[in-house]
Amino acid sequence: MSLNENVRVAVVYYSATGTVFELAKAAATAAEKAGAEVRLRKVRELAPAEAIATNRGWSDHVGATQHIVEASLADLEWADAIIFGTPTRFGLPSAQLKQFIDTAGGLWAQGKLVDKIVSSFAASATSHGGQETTIVALNNTFYHWGSIIVPPGYGDPIQFQMG
């Protein structure tokens, strides 16, 4: 399947140690291969430097992804389709991603998120670690936005390989 070259996809994610970043890169690459114009964007880190420094994986990942542009509301407005990625935090999206989404109230009030294609993915350190409820929690926002939600349903065999 090939997309029209005019389709614009924003892949917006938060990743502490790199797992969600790798998934976000895979989504961006797939969209590019299908012919879309893609923006891969991370959301702002909210944790203090002292906390990040206590976890080598976290601090290494922050350093390795300094080149990734931070997401802005302009990215959401620009995109025809938006894919959000997050680690799960007790069955909910990370605070970092949620904080970014919460800043989109102005776009929502202006109707600029209506009919945007939206999907999401989540990862956790354990099988059945809350990925499904994290996606459902994100969908609550997308319903309010008036977006068209494309779930990661079981039509794709890859779904049977995940935790």
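Okay, let's start with a question: which element gives the largest share of the lining of the second largest pocket? Hold that thought for a moment. One thing to keep in mind throughout is that what you see here is a predicted model.

So, the pocket. The second largest pocket holds about 170 Å³ of space. Its lining is made up of S15, A16, T17, T19, V20, P87, T88, R89, A123, S124 and A125. If you look for elements that give two or more residues to that lining, you find helix α1, residues 19-33, and strand β3, residues 81-89. And there's the answer to my opening question: β3 gives the largest share, with 3 residues. What about the chemistry? The lining splits into 5 nonpolar residues, 5 polar ones and 1 charged one.

Let's stay with α1 for a second, and pick out A26, which sits in that helix. Is A26 buried or exposed? Well, somewhere in the middle: its relative accessible area is 46%, so A26 counts as partly exposed. If you want to place A26 against another part of the chain, try V11. The two are 15 residues apart in sequence, and from C-alpha to C-alpha they are 10.0 Å apart in space.

Now back to β3, and just past its end. F90 is in the loop between β3 and β4, where β4 is residues 92-93. Have a look at the backbone there: F90 is not a glycine, yet its phi is positive, at about 55°. The side chain is worth a look too. F90 has a relative accessibility of 86%, and the cut-off for exposed is over 50%, so F90 counts as exposed.

There's another residue with that kind of backbone angle, and that's D115. Its phi is positive, about 65°, and D115 isn't a glycine either. Where is D115? In the loop between helix α6, residues 105-109, and strand β5, residues 117-123. With a relative accessible area of 53%, D115 is exposed.

Last stop, the surface. I117, I148 and V150 together form a nonpolar patch there, and their accessible area adds up to about 210 Å². Take I148 as an example from that patch. I148 belongs to strand β6, which covers residues 148-149. How exposed is I148? Its relative accessible area is 39%, so I148 is partly exposed.

That's my tour, thanks for listening.

Methods: Residues numbered from 1 in each chain as written. Predicted model: local features only at pLDDT ≥ 70, side-chain atom pairs only at ≥ 80, totals over all residues. Heavy atoms only, no water. Patch = residues over 30% accessible without salt bridge, like charges linked within 9 Å, V, L, I, M, F, W, Y side chains within 5 Å. Areas by Shrake-Rupley, 256 points an atom, 1.4 Å probe, with all protein chains shown as cover. Salt bridge = Lys/Arg side-chain N within 4 Å of Asp/Glu carboxyl O. Helix = DSSP H or I, 4+ residues; strand = E, 2+ residues; numbered from the N terminus. Buried < 20%, exposed > 50% of the residue type's maximum accessible area, 1.4 Å probe, protein only. 1 Å grid on protein atoms, 1.4 Å probe; cavity = no way out; pocket = protein on both sides within 12 Å on 5 of 7 lines; lining within 4 Å. Points joined across faces, edges and corners; volume = space filled by probe spheres on them. Nonpolar A, V, L, I, M, F, W, Y, C, P; charged D, E, K, R; others polar.
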